Amino acid sequence: MPSSSGSTQLQKYSVTPAQRMEKRMLSNRESARRSRMRKQKQLEDLMARVSYLRQQNNQILSALNITAQHCLGVEAENSVLRARLIHLASRLHFLQDLIHCINAEDSSTLLRPSAALLTNQPLIRFDPFN
């Protein structure tokens, strides 16, 4: 009986060429299916990354626009402050010249009210906001 069981085992392990071809075709189909699934997953991952990067880009552009607007406001304020600085420096120079004239002149010149009007500067007026 051992020979009959041996022949059964040989038949079990002996595969016909058609069976090998069918097994190979099944293996190839499965491999192709796995490959398509990997590519589909990669494509989905890349599309998700593109979406994320576009969102990040929009946020950066929005922040850039806000910063640019803020910069324009600061530049405008700086321009106003520079103009005010020039105006105040001119007033200070005028007042220093006036003090110098008052200190340098003798009392006879101070008695003439028209002497202060000879300068081209406006008369000093108090403005608490300047």
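**Fold and confidence**

Reading along the sequence, I get the pattern α-α-α. I count three helices and zero strands. I keep in mind that this is a predicted model.

I looked up the confidence next. The mean pLDDT of the protein is 83. I note that 72% of its residues reach 70 or more. Among the elements, H2 has the highest mean pLDDT, at 96. Helix H3, residues 107-110, has the lowest, at 49. Where pLDDT is low, the predicted coordinates should not be read in detail. I therefore leave the detail of low-confidence coordinates alone.

**Surface**

How much of the protein counts as buried? I find 2% of the 130 residues. The accessible surface comes to about 12,300 Å². Carbon and sulfur atoms account for 61% of that surface.

**Salt bridges**

I searched for salt bridges and the count came to three. I took them one by one.

I began with Glu30 and Arg33. Their side chains meet in a salt bridge, at 2.4 Å from N to O. Both residues lie in helix H2, which I have as residues 17-104. They sit three residues apart, about one turn of the helix. Is Glu30 buried or exposed? Glu30 is at 30% relative accessibility, so I enter Glu30 as partly exposed. Arg33 is at 36%, so Arg33 is partly exposed as well.

Glu30 has another entry. Arg34 forms a salt bridge with Glu30, and I read 3.8 Å between the closest N and O atoms. The cut-off is 4 Å, so this pair qualifies. How far apart are Arg34 and Glu30 in helix H2? They are four residues apart, so about one helical turn separates them. Arg34 comes out at 40% relative accessibility, so I log Arg34 as partly exposed. Putting these entries together, I have Glu30, Arg33 and Arg34 linked in a network of salt bridges.

I then turned to Asp45 and Lys41. The side chains of this pair meet in a salt bridge, with 3.0 Å from N to O. Asp45 and Lys41 are four residues apart in helix H2, so they too are separated by about one helical turn. I checked the exposure of each partner. Asp45 has 40% relative accessibility, so Asp45 counts as partly exposed. Lys41 has a relative accessible area of 47%, so Lys41 is partly exposed. The upper limit of that class is 50%, so Lys41 stays within it.

**Cysteines**

I searched the whole structure for disulfides. How many did the search find? It found zero. A disulfide is a covalent bond between the sulfur atoms of two cysteines. I looked at the exposure of two cysteines anyway. Cys71 is at 38% relative accessibility, so I put Cys71 down as partly exposed. Cys101 has a relative accessible area of 33%, so Cys101 is partly exposed too. Buried would require a value under 20%, so neither Cys71 nor Cys101 is entered as buried.

Notes. Residues numbered from 1 in each chain as written. Predicted model: local features only at pLDDT ≥ 70, side-chain atom pairs only at ≥ 80, totals over all residues. Heavy atoms only, no water. Helix = DSSP H or I, 4+ residues; strand = E, 2+ residues; numbered from the N terminus. Buried < 20%, exposed > 50% of the residue type's maximum accessible area, 1.4 Å probe, protein only. Areas by Shrake-Rupley, 256 points an atom, 1.4 Å probe, with all protein chains shown as cover. Disulfide = S-S within 2.5 Å. pLDDT = per-residue confidence, 0-100.
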